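The following report describes a protein model, with attention to its confidence, its strands and its cross-links. The sequence and structure are shown first.

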Amino acid sequence: MLPGLISSPGHAAGQDRINFQYSRYEEGGRNLYGVPHSLKPISADVLHGSGLFSLSDRTQFSFGYTQDTWSGATPISITPLATTGGNRPYTVNGVVTGASPILNSNVLLDHDLNILGRDPLTKQTTGVVDPRSVMVMVSASPETRRQANFGLSHEWNEAAINVAGGFSRERDYQSSFGSLGGRLDFNQKLTSVKFNGGYTQSDIGAILDHDSLPYITRTAYSQQIVNHNGSSILKDKRHDWVTNLGVTQVLSKNALLDAGVSYTHSSGFLENPYKATSVIFIDPAQLNNPQSGLITGDVRALIEQRPNFRNQVALSAKYVHYINPVNAAVHLGYKLSVDDWGINTHTFDASWVQPIGDGWTLTPRIRYYSQDAASFYRPYLFSQQKYSSQEVDSLGRKVWVDANNASRLYFGEDRFSLVDQNGSPVDAFSINAIEKTKLFDTSKLPQNFSSDHRLAGFGALSGGVILSKMLGKGVALETGFEYYTRAGSMQIGGSGNSSFADFDYYVANAALKFDMEPSASTLPITHAGQTSHAHSSADAAHHHKIPPAGIMFGHMLDKPGDFMAGYRFMLGKSTGNMMHGTHHAGDAAIVSQGCSDQQNCQFVPDYMNMRMHMLDLMYAPTRWLNMMLMPTFMDMDMNLRQLTGVRPDAQGAHHHGAAGHETGAIGDTYFSSLIKLLNISGHRMHMNIGFSAPTGRVDIGLRRNHQQEAGLIHFGMQLGSGTWDFTPSVTYSGELNRWSWGAQLSGIKRMEDKNESGYRLGDQFQATTWGGFDLLPWLTATVRGVYTVQGRVHKDFDRFSARIGPMDFPRNYGGQFWDIGFGVNAVIPKGRFAGNQFGFEWIQPIQNDFNGFQLDRKGSLAATWSFRF
């Protein structure tokens with residue numbers, strides 16, 4: 001769904017490059033017909049990085065990494081608006097704070113099975129036929145998916161081959177994929193035939209929603225559902241095979257046509273395990289009795305059942321024409337897709353690529369999509385049978401059961417006393433007789449059914465614009481925005497009967513693209529003709545030794561006009577024992593002392609991982625001044641364990657399970673001025689006057705859990721400080737022959753009393769010193785020592801938080817820490833990768849003195865890449 005980034009004028013095909021992109025996806029609200037709620041629509045933050053590098057004149061290596069974190073309310077089912085269930089408001093301290101998904105309910109019908117309406121708020125019967133449907137919504141805490149892919153390609157004069165593979169990982173779905181493809185050129189390269197084949201294997205481990213699960217009938221999957229740490233997990237596999245064949249024909253120097261056909265075969269578990277279908281069970285005796293008046297339908301939710309295979313065929317065509325008088329290009333596309341589920345789709349798209357001078361390019365685009373409904377799609381089903389009834393044996397006797405020993409019982413001939421299977425009387429005082437019931441007859445339901453609104457018939461129209469700017473020296477900036485609206489009435493030949501599922505969304509993105517070998521010329525579009533690139537190899541100019549990878553603001557550019565782009569990754573790991581000061585802490589001490597005098601602790605972290613992705617952008621306007629901008633993307637995950645000795649019925653005692661906690665999105669943004677203080681042979685010193693802007697969220701909350709409010713997530717899982725911060729530092733470095741050394745003093749001073757959630761992180765001071773030795777002219781090994789002191793959290797959340805463990809209390813943050821770091825730095829001196837700089841450092845804790853109760857630190861990894869333009 002994310003709008004792809006078009007080829008910028010400076011990015012010729014096959015040119016070495018690195019791209020970074022951030023996208024924000026956000027849906028509009030769903031129509032709940034006036035039910036009060038605080039459900040937030042689905043939103044997603046997506047980070048994407050990719051690169052293409054030439055290993056030789058004809059061989060290239062490519063890679064890509066995508067990470068997305070989403071949260072919000074999503075439809076779990078569709079039900080008649082007139083049921084007693086649906087989205088029911090709930091209150092906390094008398095205030096409506098949300099809407100609970102009520103899946104099992106009832107509905108009134110006349111004898112023609114027309115649904116009689118109810119007020120969506122009061123649930124009072126109106127007596128008027130109401131055919132409207134409504135989505136039943138359920139909220140979700142943040143979840144993160146990570147995908148990596150790699151490729152290798154080789155070109156001959158009139159042919160090419162490529163092989164690629166990768167994997168995608170999230171808590172409940174893991175995939176691995178591979179592909180093999182190629183290209184053959186004919187007719188002096190005016191005609192190209194492309195082919196590709198791929199395979200994907202997916203392992204499903206769906207963690208079924210703990211609040212809605214008790215109300216969902218899941219007998220069809222009873223053999224696939226297992227219990228793990230209190231969570232019900234549905235396990236299965238899926239396989240997808242895809243083949244593509246296409247041809248590109250250059251029609252003239254200004255036009256080309258691209259056409260293709262693809263076939264996809266999918267098998268295995270093709271359902272969405274988080275989607276349920278409402279089934280209205282009707283008692284035949286009541287339906288067939290004309291004197292019964294209104295009929296009460298028993299509404300139940302069943303996990304959807306789709307076919308276990310799917311075959312899809314798609315035909316596509318694209319026409320590109322360069323219009324010389326206006327120096328622009330038009331792109332027109334059409335795609336037809338058909339499958340054996342009955343989903344036939346049509347996609348029309350068009351874009352106009354218009355250079356507007358001074359390196360700017362404007363690209364408006366529009367897209368229309370229409371699909372038919374799947375043959376087994378229904379908003380809900382009717383079934384003329386009871387949902388459950390008392391079991392009857394082969395002799396027609398109603399079956400009871402002794403709950404004490406599960407033995408079968410029957411009514412005797414007198415219709416009052418109970419007898420066993422042999423007809424012998426049973427002492428009524430020695431048993432606990434209950435009806436033995438059986439569920440509905442599955443053969444009376446369709447073999448396949450789903451009410452997933454994505455399988456309904458609908459149309460969609462989207463439009464957007466992409467604006468790109470060549471900044472010079474092989475650097476391009478690109479921004480895009482797209483708005484999408486979905487409506488049942490927009491389907492080709494459709495009736496609009498899925499209007500209850502209408503919604504809209506927008507996607508905004510920004511990208512930076514770096515040509516590793518900037519081209520001297522630019523073109524308004526990428527033409528179909530082949531472009532040859534001459535590669536030159538020269539020794540890289542001398543650079544001063546770079547500091548260890550874990551050091552920020554550690555070096556400067558020397559030449560006015562120089563620009564540096566870099567990427568920094570940091571991983572922090574905490575696991576093992578809980579600590580109190582410098583000593584291990586037992587569960588009993590944590591339960592009684594780790595939280596507050598009024599509340600005992602229920603949980604502690606089992607592990608926590610923190611990842612930071614940072615883009616380093618540095619520019620030197622003068623010899624003595626550098627300017628830096630560093631946007632960040634954060635993500636964290638934590639698993640909890642219940643403390644020994646906690647009462648099972650204690651508040652918060654249901655927050656465990658297999659799902660854990662995850663957060664991820666934009667973090668705080670850093671900007672700095674680096675000022676050179678000393679620059680003599682072998683010695684340099686500079687100071688950094690830096691600030692961080694509070695662009696990371698500090699109000700992330702967790703969904704309701706086992707009918708209990710969770711409130712804001714722990715302090716350490718929020719994505720930023722929430723305050724404007726001052727981040728100064730002073731750095732000294734020196735070198736002599738193969739030796740290098742340095743030291744840095746740095747700090748963080750919070751400039752506000754509290755953030756929007758009511759608290760303030762503690763200030764921080766750090767001192768570090770390092771030494772390095774050149775193992776090779778381009779490879780340096782480093783070792784350094786680090787001392788850090790960080791204050792506790794000040795004040796507290798000013799809104800609700802469940803406070804289930806030490807991580808929810810301000811006094812359990814900060815402390816004094818001593819670490820040692822071991823690293824290597826590499827500067828590629830010549831060849832195709834000349835000028836690229838890499839650094840890696842592992843930082844190992846030596847001694848900790850924690851404030852309060854905290855999870856032990858296990859170490860952190862820092863990795864950097866940079867390139868000077």
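## Salt bridges and other links in a predicted model

Lys795 is partly exposed, with a relative accessible area of 44%. Here buried means under 20% relative accessible area, exposed means over 50%, and partly exposed lies in between (1.4 Å probe, protein chains only). This is a predicted model, in which local features need pLDDT of at least 70 and side-chain atom pairs count only at pLDDT 80 or more, while totals for chains, interfaces and linings use all residues. Residues are numbered from 1 along each chain as its sequence is written, and side-chain values use heavy atoms, with hydrogens and water left out.

### Salt bridges

The structure holds 38 salt bridges, a salt bridge being a side-chain nitrogen of Lys or Arg within 4 Å of a carboxyl oxygen of Asp or Glu. Three of the pairs are tabulated here.

| Pair | N to O distance | Relative accessible area |
|---|---|---|
| Asp587 and Arg641 | 3.0 Å | Asp587 16%; Arg641 29% |
| Arg684 and Glu735 | 3.4 Å | Arg684 12%; Glu735 17% |
| Asp753 and Lys795 | 2.2 Å | Asp753 47%; Lys795 44% |

Secondary structure is assigned from DSSP runs numbered from the N terminus, with helices (H or I) of at least four residues and strands (E) of at least two. The closest N and O atoms of Asp753 and Lys795 are 2.2 Å apart. This pair links distant parts of the chain, 42 residues apart: Asp753 is in the loop between strand E45 (739-750) and strand E46 (759-760), and Lys795 is in strand E49 (residues 794-795). Asp753, like its partner, counts as partly exposed, at 47%.

Asp587 and Arg641 form a salt bridge with their closest N and O atoms 3.0 Å apart. Asp587 lies in helix H2 and Arg641 in strand E37 (residues 632-642), so this salt bridge ties together parts that are 54 residues apart in sequence. Asp587 is buried, whereas Arg641 is partly exposed.

In the third pair, the side chains of Arg684 and Glu735 meet at 3.4 Å, N to O. Because Arg684 lies in strand E40 (residues 683-693) and Glu735 in strand E44 (residues 729-736), the pair ties together parts that are 51 residues apart in sequence. Arg684 is buried, and Glu735 is buried.

### The disulfide and its surroundings

How many disulfides does the count come to? With a disulfide taken as a pair of cysteine sulfur atoms within 2.5 Å, the count comes to one. A disulfide is a covalent bond between the sulfur atoms of two cysteines. Here Cys595 is joined to Cys601, with an S to S distance of 2.0 Å. The link of Cys595 and Cys601 is right-handed, with 115 degrees about the S-S bond. Both Cys595 and Cys601 are buried.

Ser596 is found in the loop between helix H2 (587-593) and strand E35 (603-619). Ser596 is buried, at 19% relative accessible area. Leaving aside residues up to four places away in sequence, Ser596 touches Phe809 and Arg811, where contact means heavy atoms within 4.5 Å.

### Strands and overall composition

The protein has two helices and 52 strands. Strands count as paired if DSSP finds at least two bridges between them. Strand E16 (residues 255-268) pairs with strand E19 (residues 309-323) in the antiparallel sense over 13 bridges, and Asp258 stands opposite Lys318 in E19. E19 also pairs in the antiparallel sense with strand E20 (residues 328-339), over twelve bridges; Ala317 stands opposite Tyr334 in E20. E19 and E20 form a hairpin with four residues between them, and Asn327 in the turn has a positive phi of about 50 degrees.

Of the 869 residues in the protein, 49% are buried. Among contacts with a separation of 6 or more, 70% are between residues 24 or more positions apart.

### Confidence

The average pLDDT (the predictor's confidence in each residue, from 0 to 100) is 86, and 84% of the residues score at least 70. Among the elements, strand E5 (residues 95-102) has the lowest mean pLDDT, 49, and strand E43 (residues 725-726) the highest, 98. Over residues 1-13 pLDDT stays under 50, and the model has 43 contacts beyond four places in sequence for them. Residues 90-99 also stay under 50, with 29 such contacts. Where pLDDT is low, the predicted coordinates should not be read in detail.
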